[in-house]
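Visitor: I am new to this structure and would like a close look at one part of it. Please take me through that part step by step.

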Amino acid sequence: MTRSAQPHYDIIIRGGTLVDGSGAPRYAADLAIKDQRIAAIGDLAGATAEQVIDAGGQVVAPGFIDSHTHDDRYLIVDPGMPAKLSQGVTTVITGNCGLSQAPWLPGKRQEVPAPINLLSTDTADFPFATFGAYLENLERHPAAVNAACLVGHTSLRAAAMDDLNRPANDAEITHMQDLLREAMQAGAIGLSTGTAYPTAMPATTEELMGVAQVLREHGGIYASHIRDEADNIFAALDEAFAVGAAGQAPVLVSHHKLIGPKNHGRSVQTLAHIAAAAERQPVRLDAYPYVAGSTILRKDRLAVSSRVIVSKSGPLPQYAGWDLDKIAEDMGVTQEEAVDALQPAGAIYFIMDERDVERILAYPGTMIGSDGMPHDPAPHPRLWGTFPRVLGYYCRDMQLFTLEEAVHKMTGMTADYFRLPQRGLLKTGHYADVVVFDPDTIADTATWSSPTRQAQGIQCVLVNGTLAWRDGATTNSRTGAVVRPRK
Ligand code: ZN
């Protein structure tokens, strides 16, 4: 064969072990990329490329999809997305737990209500009156990773209602439906709710079902941070199933967990209940691999937490990273008084049991989602550690599942459930979102006291065929796309 007759690619990743994201057994192969896509997989010894990546001894997998993020504004203010790329994440699902950056109607509110203020406390940081404007901005100023975006019900409430401390009336539900319809037409992937938060708690099941009706016309997923993850979790799960059914939408139970010592061990029953529901309608879960959660600082969590760390505070930023009991001691007040003084604030709560975490991660319908808080100065380590922790600690060290299953939970399963076209698998013709990692050394290193340490064992990450991360450093690429769902 003459040299000109040999296939020539943009990039060839040679000599790696492919874990293709489908859950199928690993196999040895080279992988070639051309024009943003996977062009060939197999023995490519005769082929040439502009750039060759040696993956000997490494695993080559689809880029990880973070199924649960609050990265709506992180994509804009820190588009290099180091917390995500450094873990091998190439796509983030934004807009979870009822809060999305859009829509936000100008002049409608003087302050950003919790929990939307997890994204920012400044109304000037919410410049998008429509969801379409938000997605267009992302396309005009791409980030380093892809984004697929949910619309938050609490954000719809904040746009449609003056007073969030009551159920929506019919006119307000119609307004929310119109805003959701605009978003779905613009390319949103579904609706999220967060009725565990005070600003959405007054919403009735009928309100949620009314808004979710719009999903029938456009498809899209229903992601639910359920009303109660503690004593009344079964009723809360049933409500999520009912809302999903009203929208004829696949249900995603967000960050499934059992809060408080009294409820520890109950994942045996909740997973059986979820599996039974999944016989009737599509139901899946997402989960992060830690026994602590993180959200806004709230008093009702203190009694069920064995430890509370403050992750950020508006008026008292010096206390970020401190335990709440130490802050109270330092201030000479009770913990409840310290909570008031720190607001607006975020916190990390030790509320789960390790056996529940393992059981939920191992459940076949569970996807991996970090739920990381990118704007917290002392964030929960899940922001920087989730994916390497699942692959290192839970897969390799604890053998909770095979490497093929672990990768499937963060790639193929996620792309399939969210209907992300041509993502999540190593397959010819798919977009070349790829991660190369060392299965023997991959590990999270972010801890409670050093929460922003970069994970180890990630050799390189490609987003839409472009090298975005290599040997622990960004390449400053900005090739992330807005991913719209398959119709
Ligand atoms: Zn949530």
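**The second largest pocket and its surroundings**

Guide: The lining of the second largest pocket is made up of Ala114, Asn117, Pro198, Thr199, Ile296, Leu297, Arg298, Gln343, Pro344 and Ala345. The model is a predicted one. By class, this lining holds 6 nonpolar, 3 polar and 1 charged residues, and the space inside the second largest pocket comes to about 160 Å³.

To place this pocket, the domains are needed. The domain assignment splits the chain into domain 1 (3-57), domain 2 (62-291 + 352-419) and domain 3 (292-350). Domain 2 is thus given in two segments, 62-291 and 352-419. The second largest pocket lies between domain 2 and domain 3, because both of them give residues to its lining.

The next topic is how these two domains meet. Taken over C-alpha atoms, the centres of domain 2 and domain 3 are 24 Å apart. On the side of domain 2, 25 residues take part in the contact, and on the side of domain 3, 17 residues do. Together the two domains bury about 1500 Å² between them. Of this buried area, 59% is on carbon and sulfur atoms.

Polar links also cross this boundary. There are 6 residue pairs in polar contact across the interface of domain 2 and domain 3, with both residues at pLDDT 80 or more. Sorted by class, the residues of domain 2 that touch domain 3 are 17 nonpolar, 5 polar and 3 charged. The count of salt bridges between domain 2 and domain 3 is 1. A salt bridge joins the side chains of lysine 312 and aspartate 376, at 3.8 Å from N to O.

The largest pocket can be set beside the one you are looking at. Its volume is about 250 Å³. The largest pocket is lined by 14 residues, and those closest to its centre are Asp228, Glu229, Ala230, Ile259 and Arg301. The lining of the largest pocket consists of 6 nonpolar, 1 polar and 7 charged residues. Domain 2 and domain 3 each supply at least three residues to the lining of the largest pocket.

To return to the starting point, the second largest pocket has 1 charged residue in its lining, whereas the lining of the largest pocket has 7 charged residues. Both domain 2 and domain 3 contribute to the lining of the second largest pocket, and the lining of the largest pocket also draws on each of these domains.

Conventions. Residues are numbered from 1 along each chain as its sequence is written. This is a predicted model: local features need pLDDT of at least 70, side-chain atom pairs count only at pLDDT 80 or more; totals for chains, interfaces and linings use all residues. Side-chain values use heavy atoms; hydrogens and water are left out. Domain bounds come from an automatic or database domain assignment. Contact means heavy atoms within 4.5 Å. Buried area is the accessible area (1.4 Å probe) that two parts lose on being put together, summed over both. A salt bridge is a side-chain nitrogen of Lys or Arg within 4 Å of a carboxyl oxygen of Asp or Glu. A polar contact is a pair of N or O atoms within 3.5 Å; within protein, one must be able to donate a hydrogen and the other to accept it, and residues adjacent in sequence count only if both atoms are side-chain atoms. Ala, Val, Leu, Ile, Met, Phe, Trp, Tyr, Cys and Pro count as nonpolar, Asp, Glu, Lys and Arg as charged, and the others, Gly among them, as polar. On a 1 Å grid over the protein atoms alone, a cavity is a set of points where a 1.4 Å probe fits but cannot get out, and a pocket is an open set with protein on both sides within 12 Å along at least five of seven lines; lining residues have an atom within 4 Å of a point. Grid points are joined across faces, edges and corners, and a volume is the space filled by probe spheres set on the points.
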